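Open the model in your viewer and keep the selection tool at hand. The stops below go from a single side-chain pair out to the whole chain.

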Amino acid sequence: MSKLTVNIPHSLSKDEAQQRIQQLLTNLKEQQADKISDVKETWEGDNASFSFSIKGFDISGGIQVKPESVDIEGDLPFALSFFKGMIADLITTKAKELLA
């Protein structure tokens with residue numbers, strides 16, 4: 001497994017940031033329905049755990065909403081570790097759009 005860590009700064013209230021970031025997986029499911037399956041997301045306060053399969057690879061991780069940032073960590077299978085930079089860039093871009 002390879003660890004993926006993304007930190008996205010924001011200037012929203014913590015509650016607003018959390019509401020918006022909750023849309024991230026929902027949007028991902030809708031936009032990538034042909035590639036992504038078994039999406040699970042559980043929120044407890046400011047923290048979430050998630051998991052999904054993308055083209056047969058299982059990805060899991062966590063989200064922590066903080067007053068000035070959102071931290072996303074994930075475990076990538078070795079086969080996807082070569083695309084870690086691209087995946088981090090995609091997550092960062094989508095999350096920044098939601099938090100703008």
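Which side chain does E16 meet in a salt bridge? Select E16 and R20: their side chains form the salt bridge, with 2.7 Å from N to O. The model is predicted, and the distance is read from its coordinates. Both residues sit in helix α1, four residues apart, so about one helical turn separates them. Color the pair by accessibility next. E16 is partly exposed at 29% relative accessibility, and R20 is also partly exposed, at 21%. The cut-off for buried is under 20%.

Stay on helix α1, which covers residues 14–31, and select K14. Its partner is D46, and the closest N and O atoms of this salt bridge are 2.5 Å apart. D46 belongs to the loop between β2 (36–44) and β3 (47–54), so the salt bridge ties helix α1 to a part of the chain 32 residues away in sequence. K14 has a relative accessible area of 30% and is partly exposed. D46 is partly exposed too, with 27%.

Now select D71 and K66. Here the side chains meet in a salt bridge with an N to O distance of 2.7 Å. Is D71 buried or exposed? D71 counts as buried because its relative accessibility is 16%, and the limit for buried is under 20%. K66, on the other hand, is partly exposed at 31%. The count for the model comes to four salt bridges, among them the pairs E16 with R20, K14 with D46 and D71 with K66.

Clear the selection and show the whole chain as a cartoon. Two helices and five strands should appear. Traced from the N terminus, the order of elements is β-α-β-β-β-β-α. The radius of gyration is 13 Å, close to the 13 Å that the globule rule gives for 100 residues, so the chain is as compact as a globular protein of that length. Along the principal axes, the C-alpha atoms fill a box of roughly 35 × 25 × 25 Å.

Turn on contacts. Of those with a separation of 6 or more, 50% join residues 24 or more positions apart.

Finish with the surface. Its accessible area is about 6100 Å², and carbon and sulfur atoms hold 52% of that. Buried residues account for 34% of the 100 residues. Then color by charge: the chain has 11 positive and 15 negative charges, and the mean positions of the two sets are 4 Å apart.

Notes:
Residues numbered from 1 in each chain as written. Predicted model: local features only at pLDDT ≥ 70, side-chain atom pairs only at ≥ 80, totals over all residues. Heavy atoms only, no water. Rg over C-alpha atoms; globule rule 2.2 N^0.38 Å. Buried < 20%, exposed > 50% of the residue type's maximum accessible area, 1.4 Å probe, protein only. Contact = heavy atoms within 4.5 Å. Areas by Shrake-Rupley, 256 points an atom, 1.4 Å probe, with all protein chains shown as cover. Lys, Arg positive; Asp, Glu negative; His and termini not counted. Charge placed at Lys NZ, Arg CZ, Asp CG, Glu CD.
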